[in-house]
Amino acid sequence: MRLTHFGGVALPTPQENIDWQAEGRTSLFVLRDGSFDEDGVDSVLQPYTLSRSFRVISSIDTTIDNLAELVGVGRRVLKSLQRDGTTYRQTLAKITRFARPLEVAMKNHQDAQITWQIDYPYWMLTADEPYYLNHGDVLDTTPDWVLDGQYTTQALTTASHTVTITNDGKAVIRNGLIEVRPRAGASITNIKILNKTNWMSVEYNGVLGALSWLAIDLLPKSCKVDAIDKYSKLKIGAEQMDWMQLEVGANTLIVSCFAITGTVDFYYHWSATYI
């Protein structure tokens with residue numbers, strides 16, 4: 001793959017393509033007759049660093065200055081173009097080092113090297129354009145009620161509904177945004193989302209009135225109603241390592257509640273994920 005953009009800024013063409021990196025975490029406690037694996041049956045990937053060399057051949061000073069300034073912008077979306085020349089994927093990263101050698105390789109050419117810290121060691125399909133990533137630039141901490149990108153929806157009218165989400169990527173999906181919004185004249189009490197494929201669940205204990213908006217953001221771990229923090233009303237299943245995740249393939253979700261009147265809209269925003 002070839003790195004193309006960071007935080008909305010186009011990167012120069014690198015001197016070589018790169019392949020994905022992946023490293024699984026080892027969490028073993030040594031016992032007398034073997035070891036205990038803290039991660040159980042789950043596989044947890046480690047964060048990693050990624051360094052690339054670039055050769056700037058146009059508007060050298062301006063381009064170099066723009067790249068150097070990216071060290072100070074913090075966490076942004078890093079995009080890459082795959083070997084097929086058409087598929088884009090993206091992840092979250094920070095630039096930790098920028099270097100510009102004093103010597104020039106040739107006239108009107110300037111080399112530069114950038115090192116990223118990849119804290120979220122998965123790549124998401126850019127075509128899904130997760131709207132909680134604010135269209136590819138930053139992690140959106142205040143999502144608006146805008147329906148775009150990849151999402152699965154269900155109109156809730158009874159105490160229990162079955163929703164199927166097919167993860168057509170190659171890795172589990174641990175990021176995503178769950179939204180619940182009662183329509184005019186509707187309300188819902190104590191809504192619970194259970195993934196019967198892996199038996200992970202998340203539950204909001206409270207009443208959502210008409211036109212209120214519940215947003216459970218799975219990556220930054222936030223729970224808000226009408227942009228006001230309601231983390232204390234959130235409950236996750238016992239002994240879960242994370243709030244919720246979608247397994248590769250079909251996932252059967254049971255969306256249930258204690259009481260409901262009228263029609264309530266349920267949305268699960270997600271993106272196909274790869275290692």
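This is a short dialogue on reading aromatic and nonpolar features in a predicted model.

Reader: Let's start with ring pairs. What describes a pair of aromatic rings?

Author: Two things: how far apart the ring centres lie, and the angle between the planes. In this predicted model there are 4 aromatic pairs. One of them joins Y231 and W243, with centres 5.9 Å apart and planes at 40°, so it's classed as tilted.

Reader: Where do Y231 and W243 sit along the chain?

Author: Y231 is in the loop between strand 16 (228-229) and strand 17 (234-236), while W243 is in the loop between strand 17 and strand 18 (249-256). They're 12 residues apart, and the pair links distant parts of the chain.

Reader: Is W243 buried or exposed?

Author: Buried means under 20% relative accessible area. W243 has 8%, so it counts as buried. Its partner Y231 has 46% relative accessibility, so that one is partly exposed.

Reader: Which charged end sits over the ring of W243?

Author: That's K221, 5.9 Å from the ring centre. There's another such contact to look at: R89 has its charged end over the ring of Y274, 3.7 Å from the centre.

Reader: Now the surface. Which residues make the nonpolar surface patch of about 330 Å²?

Author: F29, L31 and F36. To join a patch, a residue needs over 30% relative accessible area. F36 has 47% relative accessibility, which means it's partly exposed.

Reader: And where is the place of F36?

Author: Look in strand 4, residues 34-37.

Methods:
Residues are numbered from 1 along each chain as its sequence is written. This is a predicted model: local features need pLDDT of at least 70, side-chain atom pairs count only at pLDDT 80 or more; totals for chains, interfaces and linings use all residues. Side-chain values use heavy atoms; hydrogens and water are left out. Patches are made of residues with over 30% relative accessible area and no salt bridge: like charges are joined within 9 Å, nonpolar side chains (Val, Leu, Ile, Met, Phe, Trp, Tyr) within 5 Å. Accessible areas come from the Shrake-Rupley method with a 1.4 Å probe; for residues, only the protein chains shown count as cover. A salt bridge is a side-chain nitrogen of Lys or Arg within 4 Å of a carboxyl oxygen of Asp or Glu. Helices (H or I, at least four residues) and strands (E, at least two) are DSSP runs, numbered from the N terminus. Buried means under 20% relative accessible area, exposed over 50%, partly exposed in between (1.4 Å probe, protein chains only). Rings of Phe, Tyr and Trp (its six-membered ring) pair if their centres lie within 6.5 Å; planes under 30 degrees apart count as stacked, over 60 as edge-to-face and the rest as tilted. A charge sits over a ring if NZ of Lys or CZ of Arg is within 6 Å of the ring centre and within 35 degrees of the ring normal.
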